Each structure stands twice: as C-alpha cells, then as structure tokens.
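Work through the exercises below with the sequence and the 3D view open. Try each task before you read its solution.

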Amino acid sequence: MTDAQFTKGHLVTLLISSAIGVGFGAGWWFFGASSVSGRSTPLVVVGVAAVLGLAGWLVRTARRGAGLPAGGGREESPFGKRYGIAVVLMLVGIFAGARVLSALFQVPEAVPAWVLFVVGLHFLPFAKLFGSRRFLVLSALLCGVAVLAAVLAIAGWAAAWQLVPGFGGAVVLWATVVAGLLATDRQGATSPAS
C-alpha cells in the first residue's frame, strides 16, 4: 500500500492478496506433508489449524474495516493488466521449466523447487504494483527457499526437493500474510467491530 490514507479499496486489496497467500501456502504445506513418509497426520492438522486461524484473522480484519472511508476503487486496483502479465509469464515459466527439467535433464524431482523459484520471481513487479516492499522480501525468500532445496538435494538429501519447497514455501507465504495483517492492525487501519 502507499502512504495515502488506508481505504476500503486498500483493505479489499489486502484481503484478496492475503487470501491468495493463505491458499497457496496451504497448497505448499499439504504438498510437503504428503511428501513425508509415515506420520503426516500431525502435519496435516497443523496445516488445517494454520489455514483456519489465518482465514479467521482475514474475516476479523474485513469486519473491523467496515468503517473505513471509500476509495482505492477499481481504477486504482493493482489487479490489472500488469498483474495479469506477471501471472501469465509465471505460468509459462513454470510449465516450460518443468518440461525442460523433466524431459531434457531427467530431473522431474526438481520441479517443485523450480515452481517455487518462478513464483518468487513473479512477485518482483508486485512491489511497484501494490506499493509495498513486502513483495520484494517475499520474492527473495521464496527464491532463497527454492535455491536451498536444490543445494540440499544436490548435497545428498533427496527429500529436500519436496520437503523444503513444501514447508518452506508455506511458511514464507503465511508469514507474509501475518506481516501484512499485523501492519494493518498496528497502523490502526481498522477499528474494532461495532
């Protein structure tokens, strides 16, 4: 968000981007949990609890923001053409890279790390689109987790190809959501529900 007054439009943008983060974080978490041999049930329970807790926080934030002034409408929404281009380029990068890793290099196990890396890169233009440096941090952390997965796997821990992007991607996405919601609460951008 920018330094301008926090409005309902800004809140909607925060809620949409946070819901996306919660959802994709869940996807990464459950992918990681499904990669654990044996006792994955506690990990599934932790994932469900995290998703429910974050979803509840989003609902509470939405309700507390009911009294915000109007503004930040559709014409100011970051979810426009440049956002769409970044998403399309991400999808092309994911599918092309996955194909090359699987067919050409014969390392399909590296695809999750590749996907996380490309997802991280696609957040770079969001810093300008959304007016928040938080997306630069998110991009760097997701790319770093992907590189860490590759380094650990190449060093001999084969399970790192799935576990590190799975749990690491989820933790980074969920932590970014928490940071955004905490910043909103600290700024007093929302008020207690009536």
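**Before you start**

Helix 4 passes helix 6 in a left-handed crossing. A crossing is left-handed if the near helix is turned anticlockwise from the far one by less than a right angle, and right-handed if clockwise. Helices are DSSP runs (H or I, at least four residues), strands are runs of E (at least two), and both are numbered from the N terminus.

This is a predicted model, in which local features need pLDDT of at least 70, side-chain atom pairs count only at pLDDT 80 or more, and totals for chains, interfaces and linings use all residues. Residues are numbered from 1 along each chain as its sequence is written, and side-chain values use heavy atoms, with hydrogens and water left out.

**Exercise 1. Confidence**

Find the mean pLDDT of the protein, then the elements with the lowest and the highest mean pLDDT.

Solution. Step one: recall that pLDDT is the predictor's confidence in each residue, from 0 to 100. Step two: take the whole protein. Its mean pLDDT is 91, and 91% of its residues reach 70 or more. Step three: go through the elements. Helix 5 (residues 126-130) has the lowest mean, 91, and helix 4 (residues 111-122) has the highest, 98. Keep one caution in mind: where pLDDT is low, the predicted coordinates should not be read in detail.

**Exercise 2. Helix 4 against helix 6**

Describe how helix 4 and helix 6 pack, and sort their contact residues by class.

Solution. Step one: give the geometry. The two helices pack at an angle of about 160°, with their axes 7 Å apart. Axes are lines fitted to C-alpha atoms, for helices over the stretch in contact, and angles run from 0 to 180 degrees between N-to-C directions. Step two: name the arrangement. That angle makes helix 4 roughly antiparallel to helix 6. The cut-offs: under 35 degrees is roughly parallel, over 145 roughly antiparallel, 65 to 115 roughly perpendicular and the rest oblique. Step three: list some residues. Leu116, Phe117 and Leu121 are among those of helix 4 that meet helix 6 (residues 134-154), whose side includes Leu142, Cys143 and Val147. Contact means heavy atoms within 4.5 Å. Step four: sort by class. This contact has eleven nonpolar, two polar and no charged residues. Ala, Val, Leu, Ile, Met, Phe, Trp, Tyr, Cys and Pro count as nonpolar, Asp, Glu, Lys and Arg as charged, and the others, Gly among them, as polar.

**Exercise 3. Two partners of helix 2**

How does helix 2 run relative to helix 1, parallel or antiparallel? How does helix 2 run relative to helix 7, parallel or antiparallel?

Solution. Step one: take helix 1 (8-34) and helix 2 (41-64). Their axes come within 10 Å and cross at roughly 175°. Helix 1 and helix 2 are therefore roughly antiparallel to each other. Their contact divides into 17 nonpolar, three polar and no charged residues. Step two: take helix 7 (residues 160-186). The axes of helix 2 and helix 7 come within 11 Å and cross at roughly 25°. That makes helix 2 roughly parallel to helix 7. The crossing is left-handed. Step three: look at the residues. Arg60 and Arg64 of helix 2 and Asp185 of helix 7 are among those that meet. By class, this contact has twelve nonpolar, two polar and three charged residues.

**Exercise 4. Four residues**

Place Val36, Gln106, Trp161 and Thr176, and say how accessible they are.

Solution. Step one: fix the cut-offs. Buried means under 20% relative accessible area, exposed over 50%, partly exposed in between (1.4 Å probe, protein chains only). Step two: Val36. It lies in the loop between helix 1 and helix 2. At 24%, Val36 counts as partly exposed. Val36 touches Leu43, Leu163 and Phe167, not counting residues up to four places away in sequence. Step three: Gln106. It sits in the loop between helix 3 (81-104) and helix 4. Gln106 is exposed, at 56%. Its phi is near 60°, a positive value in a residue other than glycine. Most residues other than glycine have a negative phi. Step four: Trp161 in helix 7. Trp161 is buried, at 12%. Its contacts include Glu109, Pro112 and Ala153. Step five: Thr176, also in helix 7. Thr176 is buried, at 18%. Thr176 touches Arg134 and Leu138, again leaving out residues up to four places away in sequence.
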